Amino acid sequence: MSSTPRAWTERAQRPVPAGAPEPLPEPARDALRLEVVMGALSDPLRMHIVRTLLLEAEEFDHTCGWFGLDRPKSSLTHHFRTLREAGLIRQRQYGLERRSHVRVDDLQARFPGLLALVADWRP
């Protein structure tokens, strides 16, 4: 895994596929608040989710199951909702599943360098 900004930004900034559903409700770029973002990232599991999406994304977006996390679905739903409501990830509803990706452009614009810190984080 490379944590250089170019490597993960190129991977994380794929174009929206044709026919993709609209994103679920999320804060606008200008409404992102550092204390809310940092609060969401203060949980090691949520930090792991964002870091994994930055460094290992294989597609435009990923389901909760892609992460291979051994947690109850209700717990994962809570963590992904927290990340979305903080503005860290964007989620889209595809039938019965939600898929996620990092809001790289918005986060880089509001908090330059934050995602580089997340990418370099070691548990």
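The side chain of Arg92 reaches the backbone oxygen of Pro21 at 2.5 Å, and this arginine is a good place to begin a walk through the structure, which is a predicted model. Arg92 has its place in strand S2, made of residues 89–94, and the residue is buried, with a relative accessible area of 5%. Because buried means under 20% relative accessible area, that value of 5% puts Arg92 in the buried class. If neighbours within four places in sequence are left aside, Arg92 is in contact with Val16, Ala20, Pro21, Glu22 and Pro23, with Phe60 and Asp61, and with Glu97, Arg98, Arg99 and His101.

One of those partners, Phe60, is worth following next. Phe60 sits in the loop between helix H3 and strand S1, the strand of residues 62–63, and with a relative accessible area of 11% Phe60 is buried. Not counting residues up to four places away in sequence, Phe60 touches Arg14, Pro15, Val16 and Pro17, and also Arg92, Tyr94 and His101. Among these, Val16 lies 44 residues from Phe60 along the chain, yet the C-alpha atoms of the two residues are separated by 7.0 Å.

Tyr94, another residue that Phe60 touches, takes part in an arrangement with a charged side chain: Arg99 lies over the face of Tyr94, at 4.4 Å from the ring centre. As for rings paired with one another, the count for the protein comes to 0 aromatic pairs.

Arg99 also leads to strand S1, where Thr63 lies. Thr63 touches Glu97, Arg98 and Arg99 when residues up to four places away in sequence are not counted. Thr63 and Ser100 are 37 residues apart in sequence, while their C-alpha atoms are 6.5 Å apart in space. At 21% relative accessibility, Thr63 counts as partly exposed, because the buried class takes in values under 20% and the exposed class values over 50%.

With these residues in view, the whole chain can be considered. The protein has 6 helices and 3 strands, and read along the sequence these follow the pattern α-α-α-β-α-β-β-α-α. Buried residues make up 41% of the 123 residues in the protein, and the accessible surface comes to about 6,800 Å², of which 52% belongs to carbon and sulfur atoms. Among contacts between residues at least 6 apart in sequence, 72% join residues at least 24 apart.

What lies in the interior can be taken up next. In soluble globular proteins, nonpolar side chains tend to be buried together. In this model the largest nonpolar core has 27 residues, of which Leu41, Ile49, Val50, Leu54, Leu88 and Val102 touch the most other members. Helix H2 (34–41), helix H3 (44–56), helix H4 (73–86), helix H5 and helix H6 (114–120) each supply at least two residues of this core, and H3 gives the most, with 7 residues. Leu88 offers a view of the surroundings of one core member: leaving aside neighbours within four places in sequence, Leu88 is in contact with Val37, Ala40, Leu41, Val50 and Leu83, and also with His101, Val102, Arg103 and Leu107.

Arg103, one of the residues in contact with Leu88, brings us to Asp106, since the side chain of Asp106 makes a polar contact with the side chain of Arg103 at 2.8 Å. Asp106 is found in helix H5, which covers residues 104–110, and Asp106 is buried, with a relative accessible area of 12%. Not counting residues up to four places away in sequence, Asp106 touches Arg29, Leu32 and Arg90.

The last stop is Pro44, which is found in helix H3. Because a residue is called exposed when its relative accessible area is over 50%, Pro44 counts as exposed at 52%. Pro44 and Pro123 are 79 residues apart in sequence, and, from C-alpha to C-alpha, they are 7.5 Å apart in space.

Definitions and conventions
Residues are numbered from 1 along each chain as its sequence is written. This is a predicted model: local features need pLDDT of at least 70, side-chain atom pairs count only at pLDDT 80 or more; totals for chains, interfaces and linings use all residues. Side-chain values use heavy atoms; hydrogens and water are left out. Helices (H or I, at least four residues) and strands (E, at least two) are DSSP runs, numbered from the N terminus. Buried means under 20% relative accessible area, exposed over 50%, partly exposed in between (1.4 Å probe, protein chains only). A polar contact is a pair of N or O atoms within 3.5 Å; within protein, one must be able to donate a hydrogen and the other to accept it, and residues adjacent in sequence count only if both atoms are side-chain atoms. Contact means heavy atoms within 4.5 Å. Accessible areas come from the Shrake-Rupley method with a 1.4 Å probe; for residues, only the protein chains shown count as cover. Rings of Phe, Tyr and Trp (its six-membered ring) pair if their centres lie within 6.5 Å; planes under 30 degrees apart count as stacked, over 60 as edge-to-face and the rest as tilted. A charge sits over a ring if NZ of Lys or CZ of Arg is within 6 Å of the ring centre and within 35 degrees of the ring normal. A nonpolar core is a set of buried Ala, Val, Leu, Ile, Met, Phe, Trp, Tyr and Cys residues joined through side-chain atoms within 4.5 Å.
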